[in-house]
Amino acid sequence: MKDIDWKNYGLETQAIRAGQHRTHEDEHSLPIFATSSYVFKNAEEASLRFTGQKPGNIYSRFTNPTVNAFQERLALMEGGERCLAFASGMAAILAVGMGLLKAGDHVVCSRGVFGNTVLLFQNYFGKFGVETDFVDLIDTAAWEVAIKPNTRFLFLETPSNPLIEIADIELLATIAHKHGCLLIVDNCFCTPVLQKPFALGADIVIHSATKYIDGQGRCVGGAVIASNEIIEKSIYPYLRTGGATMSPFNAWVFLSGLETLAVRMKAHCDSAFELAKWLEQCPAVSKIHYPGLVTHPQHELAKRQQSHFGGIVSFELHGGKEQAWKLIDATEMISITANLGDVKTTITHPATTTHGRLTPEVRELAGIKDGLVRISVGLESIEDIKRDLARGL
Ligand SMILES: *Cc1c(COP(=O)(O)O)cnc(C)c1O
C-alpha cells in the first residue's frame with residue numbers, strides 16, 4: 001500500500017481512505033483486529049516495547065490497529081494532530097478532566113451542555129476539589145468574568161442541545177488564551193463535516209461517536225483530538241491506566257460510519273432545513289430553533305462558522321407539555337428516543353427526559369420550556385416525516 005500523505009486530500013477522501021494500513025493479506029476492506037495482546041520476537045523486544053524505546057503494540061487497552069485506524073482518520077478529518085478513542089463520549093470527557101485537572105483547579109462550562117457532562121463536572125470532579133462555574137453559552141462577557149487565576153479550561157458545545165444556540169468559537173478561543181486557559185469544544189452536533197473547531201482556535205475537540213459518526217445507532221464510543229503534546233502528556237497516560245478503551249469492533253463500525261459521514265450530514269442538513277421552514281408555517285408552533293432560519297439570533301454566526309446548519313431542529317408548542325406529548329404520541333413512524341444523529345428520525349421531550357433531572361427553576365433558567373420538542377431529522381422521505389408530525393399538530 002502506497003504511503004500517502006492524506007493531509008493533501010479532501011475531507012470526503014480522508015473519511016474513506018485515511019488510517020488504513022493494508023496487511024500482507026492485501027485486504028481491500030479494513031479488518032477487525034480482535035486481539036487483546038501482541039507477541040514479541042524475544043524478551044529484549046518485549047522490554048524495549050514496554051519502555052517505549054521501540055514502537056509497536058503491547059496490549060489493546062491502549063493500542064489496537066483497528067482503533068488506531070479510526071483515530072488516525074478522525075484526527076485528519078478534524079485537522080488535529082492526534083486522536084484517542086474511548087469507550088463512550090462521556091469516557092472521552094472524563095479522560096480530558098482526569099488528564100488535565102488537579103484538586104484546586106477551576107473549569108468554566110456552558111450551561112447548555114449534555115446533561116451528563118454537567119453531572120460529571122459538578123458531582124464527580126467536584127468531589128475531588130475541582131470547581132465548575134456554568135455560564136450562558138452565548139454570553140461572551142459572562143465567560144470572561146467567570147475565568148479565575150486557577151481556571152484550566154473552558155468547555156462548550158455548539159450548537160447547544162436542545163435550544164440550538166451557537167457560540168462564537170473564535171472569540172471564546174481568544175478569551176481563553178488571553179487568560180492562559182484551554183478551549184475544549186464538544187463537536188458532536190456538527191462533526192468535522194460542518195465545523196472545524198481547531199481552525200477557529202480550539203485546543204481540544206471531543207466527540208461522542210455514538211451520534212452522527214456511527215449514524216445508524218449501533219455502537220457507543222467517543223474521542224479526544226488534541227495536539228501531540230496534550231495527548232502524550234495528559235490523555236494517553238490516563239487512557240493506558242484508566243482503561244475506558246474503545247473496542248476494535250466498535251472502531252470498525254465507526255470507521256465505516258465515517259466513510260458516509262459527509263453525504264449523510266448534507267442530507268440531514270437539507271431535510272432539517274426543509275422541516276424547519278415547514279414548522280415555521282404551522283399555527284401550533286410558537287417558536288422554532290434552527291440556525292438556518294434568518295429569525296435565529298445567531299444566524300449570521302452560524303453561516304460564518306459552520307458549512308451548513310445541522311440536522312437538529314427544536315420548537316415550542318402553544319399547548320405546553322400536554323400538546324408536546326400529544327404530538328409525540330401521535331407519530332406513527334418517528335422513533336420516540338433521546339438518541340440523535342441517526343438515519344432514523346427521532347423525537348424527544350427534553351423537559352421530561354434529557355433535562356428531567358434538573359429542577360424546574362434550573363430548567364427555566366436554561367430556557368427549556370414544557371412545550372419544547374426536539375427532533376433529530378433522519379434520512380427518511382421528508383414528506384413522510386412531515387406527514388408523521390402533521391398527525392399531532
Ligand atoms: C451523547 C453526547 C455525549 C455523550 O456521549 P456518549 O457516547 O453517550 O457517552 C456528549 N456530548 C454530546 C453533545 C452528546 O450528544
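Val-294 is exposed, with a relative accessible area of 69%, where exposed means over 50%, buried under 20% and partly exposed in between (1.4 Å probe, protein chains only). Val-294 sits in the loop between β8 (285–289) and α12 (299–305); helices (H or I, at least four residues) and strands (E, at least two) are DSSP runs, numbered from the N terminus. From the C-alpha atom of Val-294 to that of Lys-41, 253 residues apart along the chain, the separation is 64 Å.

A word on the ground rules: this is a predicted model, in which local features need pLDDT of at least 70, side-chain atom pairs count only at pLDDT 80 or more, and totals for chains, interfaces and linings use all residues. Residues are numbered from 1 along each chain as its sequence is written, and side-chain values use heavy atoms, with hydrogens and water left out.

Let us turn to the domains. The assignment for the protein chain gives domain 1 (9–259) and domain 2 (262–390), with bounds that come from an automatic or database domain assignment. Their centres, taken over C-alpha atoms, are 27 Å apart. Domain 1 brings 33 residues to the contact and domain 2 brings 35 residues, contact meaning heavy atoms within 4.5 Å.

Next come the cores. A nonpolar core is a set of buried Ala, Val, Leu, Ile, Met, Phe, Trp, Tyr and Cys residues joined through side-chain atoms within 4.5 Å. The largest one has 37 residues, and Phe-70 and Leu-74 have the most contacts inside it. Elements giving two or more residues to this core include α1 (11–17), α3 (65–78), β7 (222–226) and α10 (248–259). Of these, α3 gives the most, with six residues. This core draws at least three residues from each of domain 1 and domain 2. Leaving aside residues up to four places away in sequence, Phe-70 touches Ala-85, Ala-209, Ile-213, Ala-223, Met-246, Ala-251, Phe-254, Leu-255 and Leu-258. A second, separate core of 34 residues includes Leu-84, Ala-91, Ala-95 and Leu-100.

Where does Leu-154 lie? Leu-154 is part of strand β4 (residues 151–157) and is buried, with a relative accessible area of 0%. Among the residues that Leu-154 touches are Val-108, Trp-143, Leu-172 and Ile-184.

Now for the ligand. The residues around the ligand (a heavy atom within 4 Å) include Met-90, Phe-114, Glu-157, Cys-188, Lys-211 and Val-220. The table lists three polar contacts, that is, pairs of N or O atoms within 3.5 Å.

| Ligand atom | Protein partner | Distance |
|---|---|---|
| Oxygen | Gly-89, polar backbone atom | 2.9 Å |
| Nitrogen | Asp-186, side-chain N or O atom | 2.6 Å |
| Oxygen | Ser-208, side-chain N or O atom | 2.9 Å |

Taken alone, the ligand exposes 380 Å², and the protein buries 91% of that; these areas come from the Shrake-Rupley method with a 1.4 Å probe.

Finally, some backbone details. A cis peptide bond joins Thr-158 and Pro-159, with omega about -5°, and another cis bond joins Asn-161 and Pro-162, with omega about 0°. Pro-159 lies in the loop between β4 and α7 (169–178), and Pro-162 is in the loop between β4 and α7 too. Ile-164, also found in the loop between β4 and α7, has a positive phi near 55° and is buried at 1% relative accessible area. Asp-26 has a positive phi near 60°; Asp-26 counts as exposed at 62% relative accessibility and belongs to the loop between α1 and α2 (43–51).

Notes:
A polar contact is a pair of N or O atoms within 3.5 Å; within protein, one must be able to donate a hydrogen and the other to accept it, and residues adjacent in sequence count only if both atoms are side-chain atoms.
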